Amino acid sequence: MESLNIPKTSNAENELRPELSSLSSSPILTGKFSTVKSKPSIHLSVDNTLSLRPASPSVASNLSSCSTISRLSGDIMLDASSFRSRESADTEYMLRIGQMSPRPKPTLGAELDREFANPQESETSSLKETIDQAVSDSPFYSNETEEGKVQPDEELESEAEFFAEMNVETLRQRSRQNSECSDVYSEEDPYSPGWSAHDKHFFILSSAGKPIYSRFGDESKLSSYMGVIQAIVSFFVDTGDSIRSITAGEHKFVFLLKNPLYLLAVTKTGEPESHIQTQLMYLYNQVLSIVTVTQLTRIFEQRVNFDLRHLLSGTESFLDSLCREVTCDPSITLGAVHAMKMEKPLRARFNKALQLIKSKHVLFGMLIANGKLVTLLRPRKQSLHVSDLHLICNMVNGSTTFHSGESWTPVCLPRFNSKGFLHAYVCFVAKETCLVLISPSKDKFYECSASKDLVVEHLNKTGALVELAEIAERKEYTLDELGIPGLRHFLYKSKQHIQITSPTYLPYYESIDEQRRLFRMYQHIHDRMHAKTLPLKTFYEVTSTEIIIGWNSRYFEMYAAFGPLVTKASIIASLTALRKWIHQEEETVFVINSPVY
């Protein structure tokens with residue numbers, strides 16, 4: 001028997017739900033249900049030696065043409081129609097893959113606090129005073145309770161009229177332009193060994209089981225898999241519950257239910273469940289950026305079996321690009337913006353260039369280079385949510401369509417306003433450097449184009465574009481610029497500015513596998529430090545290859561890797577030097593004084 005463990009939120013003894021007591025038993029999948037407040041937790045176990053046998057005709061009709069999702073996790077067979085309770089004392093709090101990290105040493109946080117609170121250390125004291133000072137409002141926000149919305153001056157056009165326009169013109173054009181750069185995996189046979197060998201799969205389907213998107217393979221050939229996913233979800237929905245995750249050996253199945261859409265990630269990468277949930281939320285927001293939540297709800301209210309692929313046609317490249325980014329982008333992991341590192345006078349020239357935009361029809365303006373933010377123009381009392389900015393960056397970098405000239409495309413920013421469309425003017429003003437102007441009006445292309453001409457003219461006169469191209473070619477700065485002994489890599493997030501900075505992985509992590517391994521360790525430390533129960537302030541782990549430390553304070557988050565033989569005293573001294581360097585270079589590594597109007 002292999003064990004499937006879903007995290008439990010309570011150590012209280014489990015009790016069988018009354019409404020489940022009459023369920024028929026199944027030799028395939030057995031489970032134990034318990035109620036913790038309003039959210040039940042489950043312990044499941046699977047017998048791999050038995051075949052799939054649906055227990056009811058309704059479920060059998062849904063599963064008759066499928067070979068189950070066992071191809072994704074070996075020979076595991078899931079019967080979503082019947083469960084029986086089983087007494088078990090086994091509990092597990094979170095996904096455990098490989099060797100678990102030792103508990104953080106309680107003395108490290110105290111030593112760090114003493115180091116930064118020592119009044120005899122003038123540099124450290126000055127640094128702490130600077131941290132405690134009030135700072136200007138950030139151009140971004142990430143708090144779920146904050147609102148970053150501003151209603152356009154003009155009333156949004158009729159949804160039906162605009163929807164028809166987007167169907168016939170925009171999506172058809174996207175489909176034609178993106179067909180030449182379609183992902184090689186889109187035609188992969190889902191019954192081939194190579195398809196099931198991928199480390200991570202993403203699926204999107206409707207609540208009726210209609211396939212919408214798959215990271216690998218043709219969605220039309222995955223109808224049987226989608227049917228099984230829909231059956232599993234429906235079983236829990238029918239009992240008033242919602243399934244979150246299933247662990248099967250080295251595979252983890254993570255669900256995100258956003259009626260009328262279901263999203264599923266099947267992964268063996270070892271990522272924490274909370275991070276996979278965040279990735280699925282980004283995919284959901286990507287769908288909303290193309291079809292607003294109002295339209296989505298209305299469509300499926302009228303036609304439950306509607307095939308959403310018709311409306312998403314031509315935008316698959318954006319979903320493919322986002323699937324790649326969410327797996328390895330630290331800015332998405334930490335919920336922050338990755339700014340391009342440059343000297344303060346150079347960034348000031350870009351700020352001045354964007355301030356030349358006087359059009360009242362431009363809501364946001366931004367310059368993006370190599371997927372990193374150079375500067376942002378925004379309303380004085382409004383900020384842009386980081387997830388919306390990530391979607392804009394993904395849109396710009398997810399397709400070669402925008403490289404060919406000036407583009408004008410509708411886009412919904414879900415955290416800004418999930419019920420209506422804005423319009424994005426996109427133009428690459430230099431190699432890997434893109435100007436994006438967001439307007440609430442659908443017919444202001446020429447005004448935005450004129451604003452672009454003003455910006456480009458100013459940047460060419462000052463030579464800023466040439467300097468930016470040279471910086472963009474380097475992509476990342478190196479640890480040699482810091483001169484901190486023993487430090488191999490770090491991620492630093494400023495909670496005040498909601499931005500991150502990090503150096504290149506080289507020279508200590510040259511291969512992709514080594515970089516991925518380090519990033520996975522950062523993810524697990526982040527998950528442990530931000531756990532809902534018993535969150536940690538510091539995390540310290542010694543492995544055979546490096547020492548990893550996580551530090552979460554009121555003003556910043558820091559994740560760093562050191563050599564395996566570096567002493568604790570040296571690490572504290574290095575972290576002190578790193579904080580001092582970031583403070584000194586704050587205006588070069590972060591966008592501090594972005595232009596407002």
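Both faces of strand β5 are covered in this predicted model. On one side lie K200, F202, I204 and S206, on the other H201, F203 and L205, and all of these residues are buried. In a regular strand the side chains alternate between the two faces of the sheet. Taken as a whole, β5 has 7 of its 7 residues buried, so the strand is largely enclosed by the rest of the structure. Buried here stands for a relative accessible area under 20%.

Let me turn to the partners of this strand. β5 is joined to strand β9, residues 261-267, by 7 bridges, and the two run antiparallel. Two pairs can be followed in the model: K200 has T267 as its bridge partner in β9, and F202 has A265. β5 also pairs with strand β6, residues 211-214, again in the antiparallel sense, over 3 bridges. In that pairing, F203 stands opposite S214 of β6. The hairpin of β5 and β6 has 4 residues between the strands, and within this hairpin G209 takes a positive phi near 90°.

How many residues of β9 are buried? The count is 7 of 7, and β9 is accordingly described as mostly covered. Its side chains divide between two directions: L261, L263, A265 and T267 point one way, while Y262, L264 and V266 point the other way, and all are buried. Two residues already mentioned as bridge partners of β5, A265 and T267, therefore belong to the group that also holds L261 and L263. 

β9 has a further neighbour in strand β8, residues 251-258. These two strands run antiparallel and are joined by 7 bridges. K258 of β8 stands opposite L261 in β9, and the hairpin that β8 and β9 form has 2 residues between them.

A brief word on a residue in a loop. S242 is placed in the loop between α6, residues 223-238, and β7, residues 245-248. Is S242 buried or exposed? With a relative accessible area of 37%, S242 is partly exposed. In sequence, S242 and F255 are 13 residues apart, and their C-alpha atoms are 9.0 Å apart in space.

I move now to another sheet. Here 5 strands form an open sheet, in the order β12-β11-β16-β15-β14, and the pairing is antiparallel. Which strands form the edges? They are β12 and β14, each of which pairs on one side only. On average, neighbouring strands of this sheet are turned by 25° against each other, direction ignored. At the β12 end of the order, β11, residues 364-369, pairs with β12 over 5 bridges in the antiparallel sense. One of the pairs there is L367 with T375, the latter being the bridge partner in β12.

Next, the enclosed spaces. The structure holds 4 cavities of 30 Å³ or more. The largest cavity has a volume of about 100 Å³. It is lined by 13 residues, of which Q286, S289, I290, M395 and V411 are the closest to its centre. Two elements, α13 and β14, each supply at least two residues of this lining. By class, the lining divides into 9 nonpolar, 3 polar and 1 charged. Which domains contribute to the lining of the largest cavity? At least three residues come from each of domain 1, residues 193-326, and domain 2, residues 337-473.

Finally, the second largest pocket. Its volume is about 1,600 Å³, and 46 residues line it. Nearest its centre lie R324, E325, C328, D329 and P330. Several elements each supply at least two residues of the lining, among them β5, α10, β12, α13 and α17. Which element gives the most to this lining? That is α10, with 7 residues. The lining comprises 18 nonpolar, 15 polar and 13 charged residues.

Some elements recur across these descriptions. β5, whose 7 residues are buried, is one of the contributors to the lining of the second largest pocket. β12, an edge strand of the open sheet, supplies at least two residues to that lining as well. The helix α13 appears in the lining of the largest cavity and also in that of the second largest pocket.

Methods. Residues are numbered from 1 along each chain as its sequence is written. This is a predicted model: local features need pLDDT of at least 70, side-chain atom pairs count only at pLDDT 80 or more; totals for chains, interfaces and linings use all residues. Side-chain values use heavy atoms; hydrogens and water are left out. On a 1 Å grid over the protein atoms alone, a cavity is a set of points where a 1.4 Å probe fits but cannot get out, and a pocket is an open set with protein on both sides within 12 Å along at least five of seven lines; lining residues have an atom within 4 Å of a point. Grid points are joined across faces, edges and corners, and a volume is the space filled by probe spheres set on the points. Ala, Val, Leu, Ile, Met, Phe, Trp, Tyr, Cys and Pro count as nonpolar, Asp, Glu, Lys and Arg as charged, and the others, Gly among them, as polar. Buried means under 20% relative accessible area, exposed over 50%, partly exposed in between (1.4 Å probe, protein chains only). Domain bounds come from an automatic or database domain assignment. Two strands pair if DSSP finds at least two bridges between them. Axes are lines fitted to C-alpha atoms, for helices over the stretch in contact, and angles run from 0 to 180 degrees between N-to-C directions.
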